[in-house]
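This report concerns a protein and DNA assembly. The sequence and the structure are shown first.

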2 protein chains.
Amino acid sequence: MVGKGSGSAGDVWLRPPARAAREAPPLSRDRIVEEAVALLDEEGADRLTMRRLAERLGTGSTTLYWHLKTKDDVLDLALDAIFAAVEIPGDNGGHWRAAVTALISGWRAVLLEHPWSAALLGRPMLGPNVLARSEFLYATLVKAGVVEPHLTAAAYGLSNYVIGSALMQATWTARGRQAAAQTAREQFQAKSDRYPVLAAHGPLVADGDWDTSFTIGLDWLLDGIQAGTATGEE
Amino acid sequence: MVGKGSGSAGDVWLRPPARAAREAPPLSRDRIVEEAVALLDEEGADRLTMRRLAERLGTGSTTLYWHLKTKDDVLDLALDAIFAAVEIPGDNGGHWRAAVTALISGWRAVLLEHPWSAALLGRPMLGPNVLARSEFLYATLVKAGVVEPHLTAAAYGLSNYVIGSALMQATWTARGRQAAAQTAREQFQAKSDRYPVLAAHGPLVADGDWDTSFTIGLDWLLDGIQAGTATGEE
DNA sequence: CCGGTGACTGGAACGTTGGTCCGGAGAACT
DNA sequence: AGTTCTCCGGACCAACGTTCCAGTCACCGG
């Protein structure tokens, strides 16, 4: 038995390699967040553990607390990080409607690419990426001639709609949930006496109908916004 | 020292009172869920613990597992339970728009009365209360003459909109968050060079403007739905 | 070349959580 | 009286987020 008394300054072979000799770049907030996003993408929200995250980074779990205060920090940072992928449209020749559609669609795409994000939407989103895109949305609407109280209603309405849509879709298409959705659909058929309309026009759309429904609803909102502008033109 | 050897059949005084002689009604799923809702209302989602819940019910924590399989069950049941308070409108003389507005507004009111519910919206809602109200929504839209693909788009659009709205509002008005919202607003002013439009037309509405914005957006959606019906009349 | 300082790291440990095991008490039905 | 079913809870477990503190490294002024 190797004596425990040999202490931490024991054999060279047992000590970790010198810092400079390590392969991975040094730890940093960005690297932690990047790995957290990867971990969330691969394994889902409930598998994100400080220990697991640290293990993937090749460090001890407690080390993370030098760079971050709590696990919530990781989640907040990861949530904002993914929105960097939402392209901010350029000036489409003043076609505000196209610009807004592009932004909202991109927003939705990101949320669906990272389904774990849906469960995190209940926390304040004040990261730089989110704010920059909110800024663009507001600016585009203002330039289109939308004024209060329609301005706030439009910005919030669009955000709320995309958030709700992504949340709902992520809920029903999450890994391992398809089976549940199938079961649910069968339940409707079985209890068709109690839920006749649901059984007939089954919700829980099966395939890519999500996209169609989303686009239709988005256009309704945009129509309403457009009708409220001074000119009403595109 | 009272001998540990006296065993569980020791002094009467140490034994719990006979089951029939107890004050509280016997445990049941319904009673557990009811208490869970109360606990969530009073202390929020993160304070809901199986142990705390059991304590409030005057039982041991492990007992709960006789009536429920997991903690998720409690959450699912609690979430569905609160929707019993959403009144299903009667037949408003065929005014489908008034009926839908009433249902969606009631839905929103319940979500805001129980702010913890917003964080739970990411789970499948298949409880009887939710299904009954979905059934009513679908039926009302069908009767109004809405047909596919507008039917699914309308039902989902309305649901997603109300869910997103409640989630967002609950996020920013949660207990102890007002201070954060105030700080955020000041941040916009401070960084007004980076977020000029946000600083000017500050989002994060302060007061009851939530209601106004919600109603405007809801009307936009309803206008769009109405325009798609065969008759277009109310 | 040295000694110290501040940036980082991680093993051990704490308190709490969701959940299981199992031994039992009470009532109900033979 | 005995058996069975329903219900209860103490002891226990693995895992979690987080803190403590003893370190190790890179660098910097003498």
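The sections below treat the basis of the model, the fold of one chain, one of its helices, the aromatic pairs and the two DNA strands.

## Basis of the model

This is a predicted model, in which local features need pLDDT of at least 70 and side-chain atom pairs count only at pLDDT 80 or more, while totals for chains, interfaces and linings use all residues. Residues are numbered from 1 along each chain as its sequence is written, chains are lettered from A and ligands numbered from 1 in the order in which they are written, and side-chain values use heavy atoms, with hydrogens and water left out.

## Fold of chain A

Chain A contains 10 helices and zero strands (helices are DSSP runs of H or I with at least four residues, strands runs of E with at least two, numbered from the N terminus). Of its 234 residues, 43% are buried, a term for under 20% relative accessible area, as against over 50% for exposed and partly exposed in between, with a 1.4 Å probe and protein chains only. Among contacts (heavy atoms within 4.5 Å) in chain A between residues at least 6 apart in sequence, 66% join residues at least 24 apart.

## Helix α10 of chain A

Helix α10 of chain A, residues 209-228, has 20 residues and spans 29 Å from first to last C-alpha, close to the expected 28 Å (1.5 Å times one less than the number of residues). Its buried residues include A:Trp210, A:Phe214, A:Leu218, A:Leu221 and A:Ile225. The cover over the buried residues of α10(A) includes α5, α6 and α7 of chain A, together with α7 and α10 of chain B.

## Aromatic pairs between the chains

Six aromatic pairs are found over all chains; rings of Phe, Tyr and Trp (its six-membered ring) pair if their centres lie within 6.5 Å, and planes under 30 degrees apart count as stacked, over 60 as edge-to-face and the rest as tilted. One of these pairs is A:Tyr156 with B:Trp210, edge-to-face at 5.3 Å centre to centre and 85° between the planes. This pair joins two chains, because A:Tyr156 lies in helix α7 of chain A and B:Trp210 in helix α10 of chain B. Both A:Tyr156 and B:Trp210 are buried.

A:Trp210 and B:Tyr156 have ring centres 5.3 Å apart and planes at 85°, so that pair is edge-to-face. A:Trp210 belongs to helix α10 of chain A and B:Tyr156 to helix α7 of chain B, so two chains are joined here. A:Trp210 is buried at a relative accessible area of 9%, and B:Tyr156 counts as buried at 10%.

## DNA strand D

DNA strand D is surrounded by 18 residues, the closest being A:Arg51, A:Thr62, A:Lys71, B:Thr62 and B:His67 (near means a heavy atom within 4 Å). Sugar and phosphate make up 51% of the strand D atoms that come within 4 Å of the protein. α2 of chain A and α3 of chain B each supply at least two residues of this surface.

Polar contacts are pairs of N or O atoms within 3.5 Å; within protein, one must be able to donate a hydrogen and the other to accept it, and residues adjacent in sequence count only if both atoms are side-chain atoms. Base nitrogens of strand D lie 2.7 Å from a side-chain N or O atom of A:Arg51 and 2.8 Å from one of B:Thr62. A polar side-chain atom of A:Thr49 is 3.0 Å from a phosphate oxygen of strand D.

## DNA strand C

Around DNA strand C there are 19 residues, of which A:Thr62, A:His67, B:Arg51, B:Thr62 and B:Lys71 come nearest. α3 of chain A and α2 of chain B each supply at least two residues of the surface near strand C. A polar side-chain atom of B:Arg51 lies 2.7 Å from a base nitrogen of strand C, and one of B:Tyr65 lies 3.1 Å from a phosphate oxygen.
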